[in-house]
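Look over the chain below before reading on. The notes that follow take up its helices and then its cysteines.

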Amino acid sequence: MPGAPEDGTRPEGEAPAAKRRGPGRDLRAAIPVGIGLVAVLLVCLFVVPVVFPAFIALALVLAVLELTRALAAGGMRVPVMPVLVGVVGMVVTTEVFRLDGLVIATALAVCVLILWRVTESMGTVALRDVAAGVFTIAWVPFLGCFALLLFDRPDGALLVLLAFLVPVANDTGGFIAGVLLGRHPMAPSISPKKSWEGFFGSLVLGTAAAVVFLVFADTAPWWTGLVIGPVLVIISTCGDLAESLLKRDLGIKDMGHLLPGHGGVLDRIDSILLAAPATFILLEVLV
């Protein structure tokens, strides 16, 4: 059987072997920062739960600031002040009036945003800025406030932890499987480091995390983890790809630099923003 040439060149017509992808992040910084974030979350959920709404409000405000700066780099000027006031208002009304409060506050925030922007100028530029502002409100504070709705349910702290745990397991499983086995890109034009092997690693670890968590937490039947896990993994992966596509279109690598090894706050919570409402809806349907 003929072997490979001794000079290391490939025989004519032989395709190059697919390369596994490297980690793509500074693990020495990412690991301690990630542990610190988990510790803060656990303290807010179980030690001083009264500060959890403030914790969510702070995360959403920082994420909105990052997103508006990123959109500004793409030529879209979102009025920051009314959006930030809307974020705080949405958190407060969700905490007081629950889902009805969130819907009303979101509608008011959008109306104020439109009025604020059109008083400055009219035309297609204003329309584009308003669309970017509505996108900001809908993506970050509206979806993020579902964490407060989860927190208000019986065993709410554990349910919030579930909505945070599965996206973390999704990232961890995808990272490990992608680094060790990743050879087939999932969406190379959007996120070159994501592979199908990584996705299946996410699916396995995310589903296992949901099932094991529900077995020990006893907040819902364990079998619901077989539904919640895969759904959250798929949604989290779509959220990651959507943010990667947005960043590619805006010509930036990260939404921010506040969290070493992770990028910005929005880079860290992009999956959770979709996982929280999905968990809320699934629990309403399944339990």
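In this predicted model, helix α7 covers residues 196-217, which is 22 residues. At 1.5 Å a residue the helix should span 32 Å, and the C-alpha atoms at its ends are 31 Å apart, so the expected and computed values agree.

**Helix α7 and what follows**
- Asp218 comes just after α7 and has a positive phi of about 55 degrees.

**Transmembrane regions in the record**
- An unreviewed UniProt entry places the feature "transmembrane region" at residues 29-48, 79-96, 102-118, 130-151, 157-183, 195-216 and 222-242.
- Residues 29-48, one of these stretches, are 95% helix and 0% strand in the model. The C-alpha atoms at the two ends of this stretch are 27 Å apart.
- Residues 222-242, also among the annotated stretches, are 86% helix and 0% strand. Here the end C-alpha atoms lie 30 Å apart.

**Cysteines**
- A disulfide is a covalent bond that joins the sulfur atoms of two cysteines.
- The structure holds 0 disulfides.
- Why does Cys111 form no such bond? The closest cysteine sulfur, in Cys145, is 17 Å from the sulfur of Cys111, which is too far, because a disulfide needs the two sulfur atoms within 2.5 Å.
- Cys111 is partly exposed, with a relative accessible area of 43%.
- For Cys145, the closest cysteine sulfur is in Cys44, at 16 Å, so this pair is also too far apart for a bond.
- Is Cys145 buried or exposed? Cys145 counts as buried, because its relative accessibility is 0%.

Key
Residues numbered from 1 in each chain as written. Predicted model: local features only at pLDDT ≥ 70, side-chain atom pairs only at ≥ 80, totals over all residues. Heavy atoms only, no water. Buried < 20%, exposed > 50% of the residue type's maximum accessible area, 1.4 Å probe, protein only. Helix = DSSP H or I, 4+ residues; strand = E, 2+ residues; numbered from the N terminus. Expected span 1.5 Å × (residues − 1). UniProt positions renumbered as here; feature names shortened; annotations may be inferred.
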